[in-house]
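Please load the model in your viewer and keep the selection box handy. We will go from the whole chain to a few chosen spots, one selection at a time.

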Amino acid sequence: MIKEKTKNRKASKTILLVEDSPVQAFAIIQLLEERGLNILCAPDGTTGVALAKKSNPDLIILDIQMPGMDGLEACHIIKQDPAIKDVPIIFLTAISEPDALRKGIVEGAVDFIPKDAFSDMVLLKTLEQLNIISGDETGETR
């Protein structure tokens, strides 16, 4: 059923999700696929960077705390690569330390969304503002 919706859209956008928690990744994938988005998923920063280079997604959603290469380092590497440096990056993270948040913005992230009860709603609104999805796909009524 979701594939039918995707086929009816002009062009589905591709989101790369880099999240080490399978439970959180599954929830985010479900949320975004319901909006007709194509989702690629990587369990760590190293895999995420490689997948970003291979797929050139429309947007990258990065966790910060991950084993091996963390999200801040992955962001830095992505923003240094001329082929993918313009791909917007959103950090979706439980980290709330001002230094980490500041570093993420300096590295090139366009937004930080804290993992909390409102993160789904904020993520969808951010995707709308970045023209990844339209307002009717956020589930809002106008």
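What percentage of the 142 residues of the protein count as buried? The value is 45%. Keep in mind as you look around that this is a predicted model.

**Stop 1: the whole chain.** Start with a cartoon view. You should find six helices and five strands, and if you follow the sequence from its start, the pattern reads α-β-α-β-α-β-α-β-α-β-α. Contacts are worth a look here too: among those between residues at least 6 apart in sequence, 59% join residues at least 24 apart.

**Stop 2: α3 and α4.** Now select residues 45-55, which form helix α3, and residues 71-80, which form helix α4. Their axes lie 9 Å apart, and the packing angle is about 20°. Because that angle is under 35 degrees, α3 counts as roughly parallel to α4. The crossing of this pair is right-handed. Show side chains to see who meets whom: G45, V49 and A52 come from α3, while A74, I77 and I78 come from α4. Sorted by class, this α3 and α4 contact holds five nonpolar residues, one polar residue and no charged ones.

**Stop 3: L51.** Stay on helix α3 and pick L51, which is found there. Leaving out residues up to four places away in sequence, L51 touches L16, L40, C41, A42 and N56. Try a distance label from L51 to C41: these two are ten residues apart along the chain, and their C-alpha atoms are separated by 8.5 Å.

**Stop 4: the largest nonpolar core.** Which members of the largest nonpolar core touch the most other members? Select V18, I60, L62, I78 and F91, out of 22 residues in that core. The elements giving two or more residues to this core are β1 (14-18), α3, β3 (59-62), α4 and β4 (89-93). Of these, α4 gives the most, with four residues.

Next, centre the view on I60. Apart from neighbours within four places in sequence, I60 is in contact with L16, V18, A52, I78, V87, P88, I89 and I90. From here you can move to a second, separate core of 19 residues, which includes I90, L92, I132 and I133.

**Stop 5: α2 and α6.** Select residues 22-33 for helix α2 and residues 119-129 for helix α6. How far apart are their axes, and at what angle do they pack? The axes are 11 Å apart and the angle is about 45°, which makes α2 oblique to α6. This crossing is right-handed. On the α2 side, the contact is made by I28, L31 and L32, and on the α6 side by D120, L123, L124 and L127. By class, the α2 and α6 contact has six nonpolar residues, no polar ones and one charged residue.

**Stop 6: around α6.** Hide α2 for a moment and colour the buried residues of α6: S119, L123, L124, T126, L127 and E128. Then bring back their cover, which includes α2, β3, β4 and β5 (111-114). To finish, step past the end of α6 and select N131, which follows that helix and has a positive phi, near 60°.

Methods. Residues are numbered from 1 along each chain as its sequence is written. This is a predicted model: local features need pLDDT of at least 70, side-chain atom pairs count only at pLDDT 80 or more; totals for chains, interfaces and linings use all residues. Side-chain values use heavy atoms; hydrogens and water are left out. Axes are lines fitted to C-alpha atoms, for helices over the stretch in contact, and angles run from 0 to 180 degrees between N-to-C directions. Angles under 35 degrees count as roughly parallel, over 145 as roughly antiparallel, 65 to 115 as roughly perpendicular and the rest as oblique. A crossing is left-handed if the near helix is turned anticlockwise from the far one by less than a right angle, and right-handed if clockwise. Contact means heavy atoms within 4.5 Å. Ala, Val, Leu, Ile, Met, Phe, Trp, Tyr, Cys and Pro count as nonpolar, Asp, Glu, Lys and Arg as charged, and the others, Gly among them, as polar. A nonpolar core is a set of buried Ala, Val, Leu, Ile, Met, Phe, Trp, Tyr and Cys residues joined through side-chain atoms within 4.5 Å. Buried means under 20% relative accessible area, exposed over 50%, partly exposed in between (1.4 Å probe, protein chains only).
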